[in-house]
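Here are some exercises to work through with the model open beside you. Try each task before you read its solution.

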Amino acid sequence: MAEFVEVELERRLKLYQTFLKLYEHHSSLLDEILQLETLDQSSEAGVKSFYLQGVIDGSAAYAITNLYAGKTQTLRQPQKIWTIGRDRTSGIHLPDTYVSRRHAAIQYIDEEQSFCLIDFNSTNGSYLNGERVFQPVKLKDGDKIRLGNIVFYFFFNVKTLSLPTVAVELLMQLVPNKEREVDLASHQSSKTKVFIENSDSTMEMLKSIGYIERDFADTPASQLFHLESSPEIREYFLSQ
């Protein structure tokens, strides 16, 4: 039994030494593998993805992110520097034990109209697309950033487009059926009201098109027909 324990300890020691050698030469790769495992576990736990979007609007620049208190918010900073860290005074507070108190920052550079990632000599480092960052690096749309165990994606919005108006036939499909029926009924009711109020002129029109014989020319319109009992007349006018 003692011999078995000794062999097992020796095996584990060799594995540990091998891991240290691999980490020494391929630390970024191993960190990426470990992070992928963490992400898989997070996905299974239903943890949502994080992002930070840099927005340029004329001379103004601001950030939209769900890193801050776990809710999507717009963050404006007068110096256009968004500090990130475990310290509560950080612009974006990340309560992660692997994140340094003052870990990193994202800064907007006016001259270049771009955002960059800056690491504050953090203990566990800042990683951009799997590579550790030692100098300020310019960010691109879709970049993957890791600070400690926190992974988020950076998106860059530099342009606002105005889309064309929606076609009328599509707008009609967006209106609930009941509302469309009410609108149609109101429309027909309105036309019916006009039809009744202008019965005399309506009579003249009916005579001119031969719908009513001239023999009834002197008969008052109110006696000649009633709208409710004349579906043909109603249909003729309400369908125009």
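**Exercise 1. Taking stock**

How many helices and strands does the protein chain have? Then find how much of the chain is buried and what its exposed surface is made of.

*Solution.* Keep in mind that this is a predicted model.

Step 1. Counting the elements gives 7 helices and 12 strands in the protein chain.

Step 2. Of the 240 residues, 29% are buried.

Step 3. The chain exposes about 17000 Å², and carbon and sulfur atoms supply 54% of that area.

Step 4. Turn to the contacts with a separation of 6 or more: residues 24 or more positions apart account for 36% of them.

**Exercise 2. An open sheet**

In which order do the 5 strands of the open sheet lie, and which strands are at its edges?

*Solution.* Step 1. Following the sheet across gives the order E5-E4-E6-E7-E10, with mixed pairing.

Step 2. Strand E5 (92-93) and strand E10 (137-138) are the edge strands, as each pairs on one side only.

Step 3. Now look inside the sheet, at strand E4 (residues 81-85): E4 and E6 are antiparallel and pair over 4 bridges.

Step 4. To find the register, locate Trp-82, which stands opposite Ile-106 in E6.

**Exercise 3. E2 and its two partners**

Which strands are joined to E2 by bridges, and in what sense do they run?

*Solution.* Step 1. On the E1 side, 6 bridges link strand E1 (residues 50-57) to E2, and the two run antiparallel. Gln-53 sits opposite Ile-64 in E2.

Step 2. The hairpin of E1 and E2 has 2 residues between the strands, and Gly-58 there has a positive phi near 70°.

Step 3. E2 is also joined by 3 bridges to strand E3 (residues 73-75), again antiparallel. Here Ile-64 has Thr-74 as its bridge partner in E3.

Step 4. Why is E2 described as largely enclosed by the rest of the structure? The reason is that 5 of its 6 residues are buried.

**Exercise 4. A residue in E2**

Is Thr-65 buried or exposed, and what does its side chain meet?

*Solution.* Step 1. Place the residue: Thr-65 belongs to strand E2 (residues 60-65).

Step 2. The cut-off for buried is under 20% relative accessible area. Thr-65 has 0% relative accessibility, so it counts as buried.

Step 3. A polar atom of the Thr-65 side chain lies 3.0 Å from the backbone nitrogen of Leu-67.

Step 4. Beyond its neighbours within four places in sequence, Thr-65 contacts several residues, among them Tyr-51, Leu-52, Leu-75 and Ile-92.

**Exercise 5. E11 and the core**

Which strands does E11 pair with, and which way do its residues point?

*Solution.* Step 1. E8 and E11 run antiparallel and are joined by 3 bridges; Leu-128 has Ile-145 in E11 as its bridge partner.

Step 2. E11 also pairs with strand E12 (residues 150-157), in the antiparallel sense and over 5 bridges. Arg-146 is opposite Val-151 in E12.

Step 3. Between E11 and E12 is a hairpin with 2 residues between the strands, where Gly-148 takes a positive phi near 65°.

Step 4. Asp-143, Ile-145 and Leu-147 point one way from E11, Lys-144 and Arg-146 point the other way, and all are buried. With 5 of its 5 residues buried, strand E11 (residues 143-147) is therefore largely enclosed by the rest of the structure.

Step 5. Move on to the largest nonpolar core, which has 24 residues: Ile-106, Phe-115, Ile-145 and Phe-152 touch the most other members. The elements giving two or more residues to this core are E1, E2, E4, E6, E7, E11 and E12. As background, nonpolar side chains tend to be buried together in soluble globular proteins.

Step 6. Leaving aside neighbours within four places in sequence, the contacts of Phe-152 include Phe-50, Leu-67, Ile-84, Ile-106 and Ile-145.

**Exercise 6. Positive phi outside glycine**

Where do Gln-113 and Asn-129 lie, and what are their phi values?

*Solution.* Step 1. Gln-113 is in the loop between strand E6 (104-109) and strand E7 (114-119). Its phi is near 50°, positive although the residue is not glycine.

Step 2. Asn-129 is in the loop between strand E8 (126-128) and strand E9 (131-132), and Asn-129 has a positive phi near 55°.

Step 3. Check the exposure: Gln-113 is partly exposed, with a relative accessible area of 45%, and Asn-129 is partly exposed at 42% relative accessibility.

Notes: Residues numbered from 1 in each chain as written. Predicted model: local features only at pLDDT ≥ 70, side-chain atom pairs only at ≥ 80, totals over all residues. Heavy atoms only, no water. Buried < 20%, exposed > 50% of the residue type's maximum accessible area, 1.4 Å probe, protein only. Contact = heavy atoms within 4.5 Å. Areas by Shrake-Rupley, 256 points an atom, 1.4 Å probe, with all protein chains shown as cover. Polar contact = N/O pair within 3.5 Å; in protein donor to acceptor, adjacent residues only side chain to side chain. Pairing = 2+ DSSP bridges. Core = buried A, V, L, I, M, F, W, Y, C linked by side-chain atoms within 4.5 Å.
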